[in-house]
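Colleague: Please show me the model, and let us then discuss it by question and answer.

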Amino acid sequence: MSYAQSKLLRIGIFLKEGLVYMIFRIILLALCAGGILTPEAHAQLFLENAKVSLSVSGGERINGSLLIHNTSSVVMSMRVYWEDFEYKSPYDGTKNFLPAGTAPRSASQWVAFKPQVFTIPAFGQQSVDYTVSVPSQIEEGHYGVLFFERTPSPSENPHEITIVTRVGSLFFIEPSIKNKKAVIQDIGLQGNSIIASFVNQGNITLIPHTTYYIMQNDGMVLYRGDSKNLYVPAGATAKIEIPLKKKLSQGHYTVVLNSDLDEGDVVVKEIGLVVDASGQLSIESSKD
Amino acid sequence: MNKKIILVLGAICMLGQVTIAQATNFTVSASVPQASAITMTVSKVTVNLAGSVTSFVAQPAGTTALPFGTLTLNTATGTYLDGPASATYYWAIDLTPNGSGAGVAQPTVTYTETSVLPTGQTAGLGQRAGVQFAKVVYVTSSTSNETPISGQHYMLSNLSGVTVPYTGAIGGWMRMDVGLCTGNTSSANGVTDPTGCAPFTTSDLPATYSGTLAVTALVD
């Protein structure tokens, strides 16, 4: 039932005469079976560079630019501003946004950008230049987001909701000498899944993509799979979950987890899995 | 003579092969950077007492205001609605992800109260209006079917970094229906107001109530 249909039902509450109410319900059911109009689409904001990843050394100065397009037929007033961000538990990519300079690993003091306020003509574009000035020492990754926000027109309408649209470019400013150290530990079973903890022991945010395969005792691979990317800040622990999609018969198996940390870095874990005659699973061993 | 010609042709062919064998392989590559974008259309949906959508009007490109206007008291229920009981409306916001490949920017939505509430008034527009995320499927160039996504029904003030549930709209596109709460508490009468939401009543103090709905698109 669509929102329109729901709303109509609510209006129906206010109807007092039963006959009118019945007619209302009949028409409503007809609407459920039908449809409503399709609007034409209008693209609006398109930021070419959604992510800026920089490997930097202490004292380095880096210049760059970001290009934003207005793909609509109206002039847009824009403002550009910086906010800090942190990936938050369960580290699936969702973020906390914080005022500039308030996150422990903020880069707000390092980044300058201009222009900060501008208008983009219809079907036009605007380049925003940025400069990253790294202090003499950088020991861990610093992060933030440069938001491009459309400034809504002021309105005198009562009881109004104003839509604010914004796109952003994530900045990952990390030392060129990275410590990409992580371990997979706390192996366990939860329902029909193998669970483990991915612990980031390094100095930058890690984005592991974990693939796995399950091997029989004779070396034959039963099946393979992968799990969604994790977004794990330095010092944080995220949960890996490997669903066992097929029912395993009695025997010994080896599950191999392979967390790809990019640039050739991987974390591997071998897990010994036992299935008894009753189908009960248990972890036999694990090794790196 | 013929033999000589054949030998010459053979030599040319062999030389040609040598030339081909010595050709350098060039790697052709291109990379498309991850993009972040928002594509949005706002439409005003009017429904009448007879139970029909009387109009579905796409607003001009760049529309950012969703006014509910001066509300009208329904004396039978003591609630204020966004029009006479014979014709009320809500706003439909169509959103499409417009990122790039695996890194599609999945928008999040956050509501913020912007009006200064009069002394003694605790609820703002965020507790008097709701949003229902819905999947819309194309039927014809002028018709589409809309299905609410289960569990994606919020009082506006509870929208804080809520991720637009695109997975629920696979095979169609995402729509956010934003409307005032009406006080329906019975599921027998259709979808109820989102949890915690209540309509404006005579107990609410006269004021202009407003807020912002921020739609943010970022890659992971």
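**Strand S10 and its surroundings**

Modeller: In S10(A), a strand by DSSP (E runs of at least two residues; helices are H or I runs of at least four; both are numbered from the N terminus), A:Gly144 has A:Phe171 as its bridge partner. This is a predicted model, in which local features need pLDDT of at least 70, side-chain atom pairs count only at pLDDT 80 or more, and totals for chains, interfaces and linings use all residues. Residues are numbered from 1 along each chain as its sequence is written, while chains are lettered from A and ligands numbered from 1 in the order in which they are written.

Colleague: Which residue of strand S2 of chain A stands opposite A:Phe171 in S10(A)?

Modeller: Strands pair if DSSP finds at least two bridges between them. Strand S2 (residues 51-56) of chain A and S10(A) run parallel and are joined by six bridges. The residue opposite A:Phe171 is A:Val52.

Colleague: Which residue of S13(B) stands opposite A:Ile163?

Modeller: S10(A) is joined to strand S13 (residues 210-217) of chain B by six bridges, and the two run parallel. With strand S3 (residues 65-67) of chain B, S10(A) runs antiparallel through three bridges; there A:Glu160 stands opposite B:Pro67. In S13(B), the residue opposite A:Ile163 is B:Leu213.

Colleague: How many of the 16 residues of S10(A) are buried?

Modeller: A residue is buried if 20 or more other C-beta atoms, placed from the backbone, lie within 10 Å of its own, exposed if 12 or fewer, and partly exposed in between. S10(A) is largely enclosed by the rest of the structure, because the number of its 16 residues that are buried is 13.

Colleague: How many residues has the largest nonpolar core?

Modeller: Such a core is a set of buried Ala, Val, Leu, Ile, Met, Phe, Trp, Tyr and Cys residues joined through C-beta atoms within 7 Å. A:Leu47, A:Phe171 and B:Val178 have the most contacts inside the largest one. Its residue count is 74.

Colleague: Which elements give two or more residues to the side of domain 2 of chain A that touches domain 3 of chain A?

Modeller: By an automatic or database assignment, domain 2 of chain A covers 45-151 + 160-175 and domain 3 covers 182-287. The contact (C-beta atoms, placed from the backbone, within 7 Å) takes 12 residues from domain 2 of chain A and 13 residues from domain 3 of chain A. The elements are strand S4 (76-87) and strand S10 (160-175) of chain A.

Key
Contact = placed C-beta atoms within 7 Å.
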